[in-house]
Amino acid sequence: MIMILSGTQDGREIVDQLQNLGYPLLVTTATAYGAELIPKNNTSTVIHKKLSKEEMEEIIINKNVKILIDATHPYAVEVSQNAIDVCKKMNICYLRFQRKESLLFQYEEIIDYVSDYEEAADKLNTLNGNILLTTGSKTLEVFTKKIDIDRLFPRVLPVSNVIQKCEDLNIKPSHIIAMQGPFSTQMNMEIIKKYKIDILVSKDSGDYGGTIQKLEAAKKMNVFVVMIQRPKLNYPHVFDHIDYIIDKVRKIYE
């Protein structure tokens, strides 16, 4: 059995390719919404739950997992570290698919880099104008605690629990941009124009994450960008191309 920690487009593509090769897969996502996006196949089982180390260990034992592929988001460092620790403890193969970072040098004049969400919120408090948050819903409270809510326009997934979280944080319905990506440069520009955005907050999620499209829109619309840098984690066995990780799986599994 191959266990895949997914939840990203990268993960779904890896699942699709391994399904086509006929491998038995156990795919995990953090949310039910993420699970719905996983390609369906009678050789695959999908679990939507945030797994603890103990739960990972139990699954590996019960399902006789031989390989764990970590295709989680570059900023999901906690689950990645848990997976690394569990694989080391249980002596199974850990493979990491890591998106390439975006080529940001051409946008340096509009970017201010920060190390984390807290620093981003502090930086935003020194700036004026409407803020487009494109960092997801998980860390919204970091921004709502420190910044005037009337300035915040979060772009989030259009699912009920996420909308409810926005409402619980007193974000106005007219400020909630509930949309499913990917977003083109033109779409980002239209959002910036509609909500009169002055500052865009982003993570460097790589090309699949739409970082370049956001930056290109910001540059064209003369919008300042606060960029949260990727957290550093010492991943073993890192691959940045899906074909390479598929080849590695075939060599190990066969």
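Here follow questions and answers on a predicted model, with its sheet, its core and some of its loops.

Colleague: In what order do the six strands of the open sheet stand?
Modeller: The pairing in this sheet is parallel. Six strands take part. Read across, the order is β6-β11-β10-β7-β8-β9.

Colleague: Which strands stand at the edges?
Modeller: Look for a strand with a single partner. Such a strand has one side left without a neighbour in the sheet. That describes β6 (111–114) and β9 (177–178).

Colleague: Which residue in β11 does isoleucine 111 stand opposite?
Modeller: Start with the strands. β6 pairs with β11 (residues 224–228) in the parallel sense, over four bridges. Isoleucine 111 falls within β6, which spans 111–114. Its opposite residue in β11 is valine 225.

Colleague: Is β8 largely enclosed by the rest of the structure or left open?
Modeller: Buried means under 20% relative accessible area. Leu152, Pro154 and Val156 point one way from β8, and Phe153 and Arg155 point the other way. Both groups are buried. Five of the five residues are buried, so β8 is largely enclosed.

Colleague: Which residue in β8 stands opposite leucine 133?
Modeller: β7 and β8 run parallel and pair over three bridges. Leucine 133 belongs to β7, which covers 130–133. Opposite leucine 133 stands proline 154.

Colleague: And which residue in β9 does valine 156 stand opposite?
Modeller: β8 is also joined to β9, by two bridges, and these strands run parallel. Valine 156 is a residue of β8. It stands opposite alanine 178.

Colleague: What hand does the β-α-β unit of β8, α7 and β9 have?
Modeller: The helix in this unit is α7, residues 160–168. The strands β8 and β9 pair in parallel. The unit is right-handed.

Colleague: Which element gives the largest share of the largest nonpolar core?
Modeller: This core has 24 residues, and Leu124, Ile131, Phe143 and Val201 touch the most other members. The elements giving two or more residues are α5, β7, α6, β8, α7, β10 and β11. Four residues make the largest share, and they come from α5.

Colleague: Which residues is isoleucine 131 in contact with, leaving aside its neighbours within four places in sequence?
Modeller: Isoleucine 131 is one of the core residues that touch the most other members. Its contacts include two of the others in that group, Leu124 and Val201. The full list is Leu124, Ile147, Arg151, Leu152, Phe153, Ile197, Ile199 and Val201.

Colleague: What distance separates the C-alpha atoms of leucine 127 and phenylalanine 224?
Modeller: Leucine 127 is in the loop between α5 (117–124) and β7 (130–133). Its contacts beyond four places in sequence are Arg151, Ile199, Phe224 and Val226. Leucine 127 and phenylalanine 224 are 97 residues apart along the chain, yet their C-alpha atoms are separated by 9.7 Å.

Colleague: Which residues does the cis peptide bond join?
Modeller: One partner, proline 182, is in the loop between β9 and α8 (185–194). Omega of the bond is about 10 degrees. The joined residues are glycine 181 and proline 182.

Colleague: What is the relative accessibility of asparagine 222?
Modeller: Asparagine 222 lies in the loop between α9 (211–220) and β11. Its phi is positive, about 60 degrees, although it is not a glycine. Exposed means over 50%. Asparagine 222 counts as exposed, at 71%.

Notes
Residues are numbered from 1 along each chain as its sequence is written. This is a predicted model: local features need pLDDT of at least 70, side-chain atom pairs count only at pLDDT 80 or more; totals for chains, interfaces and linings use all residues. Side-chain values use heavy atoms; hydrogens and water are left out. Two strands pair if DSSP finds at least two bridges between them. Contact means heavy atoms within 4.5 Å. Buried means under 20% relative accessible area, exposed over 50%, partly exposed in between (1.4 Å probe, protein chains only). A crossover is right-handed if, with the strands pointing away from the viewer, the path from the first strand over the helix to the second runs clockwise. A nonpolar core is a set of buried Ala, Val, Leu, Ile, Met, Phe, Trp, Tyr and Cys residues joined through side-chain atoms within 4.5 Å.
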